[in-house]
Amino acid sequence: MKTLILAEGDLNPLCSRIHIPYIFSLPKGGTQLHIDFGYDPKILEDRERSKELIIGSLIFYIDTDSERSRLIEEWERFLPLRNLLTVSIDDCQGFRGCAHRHSPKQHLTISQEKASPGFIPGPLTAGQWKATISVHAVVTGKCHYKLHV
């Protein structure tokens, strides 16, 4: 197997709701595309920080005082808070799929005949492809990711 892209980085809560694109060239003759993607940590272990984030969100998003008060009393039901990063793939023709999974470690494949759930099997056309990491939420102080295609 030939490595087409190996990328990694560190994210913080300010990185939430961004997309990180990685462009790579797929040579002619490929029969399978393998994508290994992972990030760590998955869960915010700091209980006090979790409580601050949950209560802050409830105050911001809940309009009704009585509902907000009730939910603040039950803040622990929203535990654990989790980081969420996902990956999507585009070939030179367009969208080939996405893996919106909650697992922090994923191995995905695309080939002519079959593909991992969420991805579209079909020809592996030579040319410019894109892997996009979507950073839905980072709740920990730091979150490290790694992408290997």
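Q: In which helix is Arg 49 found?
A: In this predicted model, Arg 49 is partly exposed, with a relative accessible area of 35%. Its C-alpha atom is separated by 9.8 Å from that of Leu 81, and the two residues are 32 apart along the chain. The element in which Arg 49 is found is helix H1.

Q: In what order do the elements of the chain run from the N terminus on?
A: The chain has two helices and eight strands. Read from the N terminus on, these elements run β-β-β-α-α-β-β-β-β-β.

Q: What is the radius of gyration of the chain, and is the chain compact or spread out?
A: The C-alpha atoms fill a box of roughly 60 × 25 × 20 Å, taken along the principal axes. For 149 residues the globule rule gives 15 Å, and the value for this chain is well over that, so the chain is more spread out than a compact globule. The radius of gyration is 19 Å.

Q: What percentage of the contacts between residues at least 6 apart in sequence join residues at least 24 apart?
A: Buried residues make up 40% of the 149 residues in the chain. Among the contacts in the chain between residues at least 6 apart in sequence, the share that joins residues at least 24 apart is 73%.

Q: Which residues touch the most other members of the largest nonpolar core?
A: In soluble globular proteins, nonpolar side chains tend to be buried together. The largest nonpolar core here has 30 residues, and the elements that give two or more residues to this core are strands S1, S2, S3, S4, S6, S7 and S8. A second, separate core has eight residues, including Ile 54, Ile 55, Trp 75 and Leu 81. In the largest core, the residues that touch the most other members are Leu 85, Ile 133, Tyr 145 and Leu 147.

Q: With which residues is Tyr 145 in contact, leaving aside its neighbours within four places in sequence?
A: Tyr 145 belongs to the largest nonpolar core, as one of the four residues that touch the most other members. Leaving aside neighbours within four places in sequence, Tyr 145 is in contact with Ala 7, Glu 8, Gly 9, Asp 10, Leu 11, Ile 20, Tyr 22, Phe 37, Gly 38, Tyr 39, Leu 85 and Ile 133.

Q: Are helices H1 and H2 roughly parallel or roughly antiparallel to each other?
A: Helix H1 covers residues 47–61 and helix H2 covers residues 65–73, and their axes are 10 Å apart. The two helices pack at an angle of about 170 degrees, and angles over 145 degrees count as roughly antiparallel. H1 and H2 are therefore roughly antiparallel.

Q: How many nonpolar, polar and charged residues make up the contact of H1 with H2?
A: On the side of H1 the contact is made by Ile 55, Leu 58 and Ile 59, while H2 brings Arg 68, Leu 71 and Ile 72. These residues divide into five nonpolar, no polar and one charged.

Q: Which residue does a cis peptide bond join to Asp 40?
A: Most residues other than glycine have a negative phi, and most peptide bonds are trans. The bond that follows Asp 40 is cis, with omega of about 5 degrees. The partner is found in the loop between S3 and H1, and this residue is Pro 41.

Q: Where is Pro 80 found?
A: The peptide bond from Leu 79 to Pro 80 is cis, with omega near -10 degrees. Glu 76 lies in the loop between H2 and S4 and, at 43% relative accessibility, counts as partly exposed. Pro 80 is found in the loop between H2 and S4.

Q: What is the value of phi of Arg 17?
A: Arg 17 lies in the loop between S1 and S2 and is exposed, with a relative accessible area of 72%. Phi is positive here, in a residue other than glycine, and has a value near 70 degrees.

Q: Is Lys 42 buried or exposed?
A: Lys 42 has its place in the loop between S3 and H1. Leaving aside neighbours within four places in sequence, Lys 42 is in contact with Leu 81, Arg 82, Asn 83, Leu 84, His 102 and Pro 104. The relative accessible area of Lys 42 is 14%, and a residue under 20% counts as buried. Lys 42 is therefore buried.

Terms used
Residues are numbered from 1 along each chain as its sequence is written. This is a predicted model: local features need pLDDT of at least 70, side-chain atom pairs count only at pLDDT 80 or more; totals for chains, interfaces and linings use all residues. Side-chain values use heavy atoms; hydrogens and water are left out. A nonpolar core is a set of buried Ala, Val, Leu, Ile, Met, Phe, Trp, Tyr and Cys residues joined through side-chain atoms within 4.5 Å. Buried means under 20% relative accessible area, exposed over 50%, partly exposed in between (1.4 Å probe, protein chains only). Helices (H or I, at least four residues) and strands (E, at least two) are DSSP runs, numbered from the N terminus. Contact means heavy atoms within 4.5 Å. Axes are lines fitted to C-alpha atoms, for helices over the stretch in contact, and angles run from 0 to 180 degrees between N-to-C directions. Angles under 35 degrees count as roughly parallel, over 145 as roughly antiparallel, 65 to 115 as roughly perpendicular and the rest as oblique. Ala, Val, Leu, Ile, Met, Phe, Trp, Tyr, Cys and Pro count as nonpolar, Asp, Glu, Lys and Arg as charged, and the others, Gly among them, as polar. The radius of gyration is taken over C-alpha atoms; the globule rule is 2.2 Å times the number of residues to the power 0.38.
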